[in-house]
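Welcome! Open your viewer, load the model and get ready to click along.

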Amino acid sequence: MSHAPSQALSAAPSPVPADAWLWDVFCRVIDNHGDLGVCWRLAAELGRRGHRVRLWIDEPGALAWMAPQGAPGVAVVPWTPATPSPPPGDVVVEAFGCDPPGDFVAAMAARAAAGRPPVWVNLEYLSAEGYVERSHALPSPQASGPGAGLVKWFFYPGFTARTGGLLREAALVADQARFDAPAWRATHGIAPAPGERVVSLFCYGHAPLAPCLARLAGRPTLVLTAPGPATALAAATHWPAGVRHQALPWLSQPEYDHLLWSCDLNLVRGEDSFVRAQWAGRPFLWHIYAQDDGAHATKLQAFVDRHVAGAAPGVAAGVRAAFLAWNGLGPWPAALPDAAAWSDLAGRWREQLLAQGELLSQLIAFVDQKR
Ligand code: TRH
C-alpha cells in the first residue's frame with residue numbers, strides 16, 4: 001500500500017488557524033466497506049483542505065483498491081493493540097462510536113489538565129430520521145474511564161440544515177461539469193449499444209434481483225455489477241431478454257463516482273455509495289444495510305419521505321414503491337417510475353442538498369467553536 005507511514009506528527013501549538021490542526025480519525029471496520037469508505041473520504045478531503053490527518057484503521061486492506069494513491073496530508077496508521085499512542089492531535093474523530101484506545105483517551109484527558117484538550121467528536125451513522133436533528137451537536141460529558149472530565153460531542157450527518165450535512169468535496173460540482181461519460185466508459189471497456197440503458201449494481205446478497213430485472217426488461221439494458229454479492233447474484237440469476245450484465249473490478253472511490261455519473265440508474269447500498277448516488281443526481285435505489293430488529297425499515301421510510309416530498313403524487317408513489325420493493329419491504333410495482341420524471345426528481349434532490357452546508361465545513365466550524 002503506497003501510504004505515507006505515520007510520521008511523528010504533533011499537535012499544533014494553539015491558538016492556530018483551523019487549517020493547521022492535526023486530526024486523529026479512528027475507524028474500526030465492522031463489515032463491508034462503508035466505515036472505511038466514509039472515514040477515508042473525510043480524511044482525504046481534510047487533507048485537500050490543508051489539514052493534517054492520522055487515519056487510524058484496524059483493517060486498512062480495502063484502501064488498496066479504494067484509494068491506491070493515498071491522499072496528501074493523510075497518514076494511515078494501522079490500528080492494532082500494539083500500536084503506540086502518540087500525543088493526541090487537536091481534533092479526535094471516532095467514527096460510528098468506535099472508541100479510541102484507552103491510553104490515547106487518557107492522553108487526551110492529560111492535555112485537558114494542561115489547558116487545551118483535543119475536541120472529541122463522535123461522527124455518527126447517517127439517517128433521515130427525526131432523532132438526528134434532536135441529537136446533533138449534543139455533548140456527552142465523560143464521567144468515568146480514561147476520558148473522565150472530557151466532553152465527547154455527537155456529530156450527526158443528515159439531510160437538513162439542523163444536522164451536520166453530508167460529506168461533499170469542494171471540487172465535486174466542477175469535477176462533474178467536466179466529466180465525459182462516453183470517454184470514461186470507453187477507457188473502462190464499457191460499451192453500451194445505442195439507446196441501451198446503463199445501470200450500476202452494488203447491493204447485498206439478499207437483493208431481489210430477479211423481479212428488478214423483470215422491471216428493467218422493458219428497455220434494452222446493460223447492468224454493471226460491482227464485485228462481491230452483486231456479481232455473484234448476477235451469475236446466479238436468470239437474465240431476461242434485452243438485459244445483459246458485465247462484471248466490474250473494484251474501482252477507486254473517484255472512479256466509482258465516475259461510474260455513478262455515467263449511469264442512467266444506480267443501485268447503491270449502505271451509507272457512502274448511497275450518498276454518492278445522490279451527488280450523482282441520477283435516479284437511484286438504496287439497498288439499506290438490514291438490521292435484525294427491523295430498524296432499517298423505519299430508516300428507509302424516513303429517507304424516502306424526504307426524498308419524494310416535492311414530487312408529483314404519482315411519481316412519489318412510484319419511487320417509494322421501488323425503494324420498498326428493492327428492500328423486500330413492499331410489493332413490486334408493475335413498472336419502475338417514468339425515467340424522465342425520476343430523473344427530474346433526482347436532479348432536484350441533488351440541487352436541494354447542494355444548497356445546504358456540507359459536512360466538513362460544518363465540522364470545522366463546530367470544532368473551532370468548541371476549542
Ligand atoms: O460496503 P457498504 O455496505 O458499507 C456498509 C455501510 O457503510 C453501513 O452503513 C455500515 O453499517 C456497514 O458498512 C458496516 O456500503 P457503502 O457505505 O457504500 O461503502 C462502500 C464503499 O466502497 C464506499 O465508500 C464506495 C466504495 N466503493 C469503491 O470505492 N469502489 C467500488 O467499486 C465500489 C463498489 C464501492
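By class, how many nonpolar, polar and charged residues does the shell around the ligand have? Keep that in mind while you make your selections; remember too that you are looking at a predicted model.

**Stop 1: the ligand and its shell.** Select the ligand, then the residues around it: 23 residues surround the ligand. Among them, the closest are G34, Y204, L251, D272 and S273. Now colour the shell by class, and you have the reply to the opening question: 10 nonpolar, 8 polar and 5 charged residues.

**Stop 2: polar partners.** Show the oxygen atoms of the ligand. Start with H33, where a backbone N or O atom lies 2.9 Å from a ligand oxygen. Move on to G34, which has a polar backbone atom 2.8 Å from an oxygen atom of the ligand. Then select R269: here a polar side-chain atom lies 2.8 Å from a ligand oxygen. Next, switch on the surface. On its own, the ligand would expose 710 Å², and the protein buries 97% of that.

**Stop 3: the pocket and its helices.** The place you are looking into is the largest pocket, and the ligand sits in it. Select α1 (34-48), α2 (63-66), α9 (253-261) and α10 (272-280), the elements that each give two or more residues to the shell. Of the elements, α1 gives the most, with 3 residues.

**Stop 4: two domains.** Finally, give one colour to domain 1 (21-166 + 356-370) and another to domain 2 (172-354). Why does the ligand lie between them? Both domains give residues to the shell around the ligand, so it lies between the two.

Key. Residues are numbered from 1 along each chain as its sequence is written. This is a predicted model: local features need pLDDT of at least 70, side-chain atom pairs count only at pLDDT 80 or more; totals for chains, interfaces and linings use all residues. Side-chain values use heavy atoms; hydrogens and water are left out. A residue is near a molecule or strand if one of its heavy atoms lies within 4 Å of it. A polar contact is a pair of N or O atoms within 3.5 Å; within protein, one must be able to donate a hydrogen and the other to accept it, and residues adjacent in sequence count only if both atoms are side-chain atoms. Accessible areas come from the Shrake-Rupley method with a 1.4 Å probe; for residues, only the protein chains shown count as cover. On a 1 Å grid over the protein atoms alone, a cavity is a set of points where a 1.4 Å probe fits but cannot get out, and a pocket is an open set with protein on both sides within 12 Å along at least five of seven lines; lining residues have an atom within 4 Å of a point. A molecule sits in a cavity or pocket if more than half of its atoms lie within 2 Å of its grid points. Helices (H or I, at least four residues) and strands (E, at least two) are DSSP runs, numbered from the N terminus. Ala, Val, Leu, Ile, Met, Phe, Trp, Tyr, Cys and Pro count as nonpolar, Asp, Glu, Lys and Arg as charged, and the others, Gly among them, as polar. Domain bounds come from an automatic or database domain assignment.
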